[in-house]
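Let's take a relaxed walk through a protein model. Have the sequence and the 3D view ready, and we'll go from the inside outwards.

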Amino acid sequence: MAHIIVVGNEKGGAGKSTVSMHVATALARLGHKVSGLDLDLRQRTFGRYIENRRDFIREAGLTLASPTLCELPDVEASTLRPGENMYDHRLSAAVAELEPDNDFILIDCPGSHTRLSQVAHSLADTLITPLNDSFIDFDLLAHIDANGEKITGPSVYSEMVWNARQLRAQAGLSAIDWVVVRNRLGAQRMVNKEKMERAIGNLSKRIGFRTAPGFNERVIFRELFPRGLTLLDLKDIGVKQLNISNIAARQELRDLIKALELPGVTADF
C-alpha cells in the first residue's frame, strides 16, 4: 500500500507547491514510484510543474525519473446516495486506484479551506505543513499574545488536523505524522526568529507535530519551474558546476527528506 503524503496549509504563499515539487521529484529520483494529485483545481501549480517536466523531458530527449500526475476521476451524481459528497468520492476513487501500484502518493492541497482539502488531511500518513518563519504564518497554527510568548488557543487549521486525526483513529488507521516545515528561515539570530523558535517548540508539544527545516527564498526555483526541473536535475541536463546557492538548496532538500523520516527512504542524492 502506498504511503500518502499530504502537503497542506490554508494560507497561500507558504511554499506548498515548491515543497511538493521537490519532495515528489526527490522520491522518484531515489527509485520510488510516486504519483501526484493537485487539489488546487483552479491554479494547479503542482500539476503544471509535473506537466512542464513531462514536456521538457520529451522535447529534450532525456530520461529523468519523475512523479506521475493523476487527475480526479469524474463521478456521476446519480450514483451518489442522499447526503454523500461528490468530492469525497472523486478523491477516494483516485487514491484507491493509485495505492496498489505506488510507493508514495503526494497530494498538494490549495491554500484555502475546501472539502477536498479536508478529506485529504484525513487520508494523510504524513502531513507536511510549510510555514513561513513569521508570526503572520504562525497564526495559522495557533493564536498568540501580543508579546509573542503565550499561546492563547488553536487556530481553525489546527482544529481541522485534530478532526482528521480523530477520524483516522475511529477508522483504526495509524496516527498522522505531522511535520511543520519552516521555510525562509533567516540566517541571522534575530529577536523575532528566536521568539518564533520558542513558540513553535512550545506549540509542537501541545498539539503534536515535529518540525523540519525547509527552503530559503531562491530565484532558481522560479527559473526551473517552466521546465519542471529541480536542483537535483541540473547535472543531468548538462550543468557541470553548481554555484554556492544551488549547493545550499540541494542540501536543504536533503535535510528535508531526511527529517520527514518516510518509510524506506534515505536522502542518498
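First, a word you'll need: a residue is buried when its relative accessible area is under 20%, exposed when that area is over 50%, and partly exposed in between (1.4 Å probe, protein chains only). This is a predicted model, in which local features need pLDDT of at least 70, side-chain atom pairs count only at pLDDT 80 or more, and totals for chains, interfaces and linings use all residues. Residues are numbered from 1 along each chain as its sequence is written, and side-chain values use heavy atoms, with hydrogens and water left out.

Now try helix H4, residues 115–123: its buried residues are Leu116, Ser117, Val119, Ala120, His121 and Ser122. Their cover includes strands E1 (3–7), E4 and E5 (126–132), plus helices H3 (86–98) and H6 (156–170). Here, contact means heavy atoms within 4.5 Å. The names come from DSSP runs numbered from the N terminus: helices are H or I with at least four residues, strands are E with at least two.

Helix H1 is largely enclosed by the rest of the structure, because 12 of its 14 residues are buried. Among them are Lys16, Met21, His22 and Leu27. Just after H1, Gly31 has a positive phi of about 100°.

In helix H2 (residues 45–60), the buried residues include Phe46, Tyr49, Arg53 and Phe56. They pack against H1 (16–29) and strands E2 (34–38), E3 (68–70) and E4 (104–108). Gly61, just after H2, also takes a positive phi, about 65°.

How do the helix lengths work out? The expected span is 1.5 Å times one less than the number of residues.

| Helix | Residues in helix | Expected span | End C-alpha distance |
|---|---|---|---|
| H1 | 14 residues | 20 Å | 20 Å |
| H2 | 16 residues | 22 Å | 22 Å |

Zooming out, the protein has nine helices and nine strands. Its C-alpha atoms fill a box of roughly 60 × 55 × 35 Å along the principal axes. The radius of gyration, taken over C-alpha atoms, is compared with a globule rule of 2.2 Å times the number of residues to the power 0.38. For 269 residues a compact globule would come out near 18 Å, and the protein's 19 Å agrees.

Buried residues make up 50% of the 269 residues. Of the contacts between residues at least 6 apart in sequence, 74% join residues at least 24 apart.
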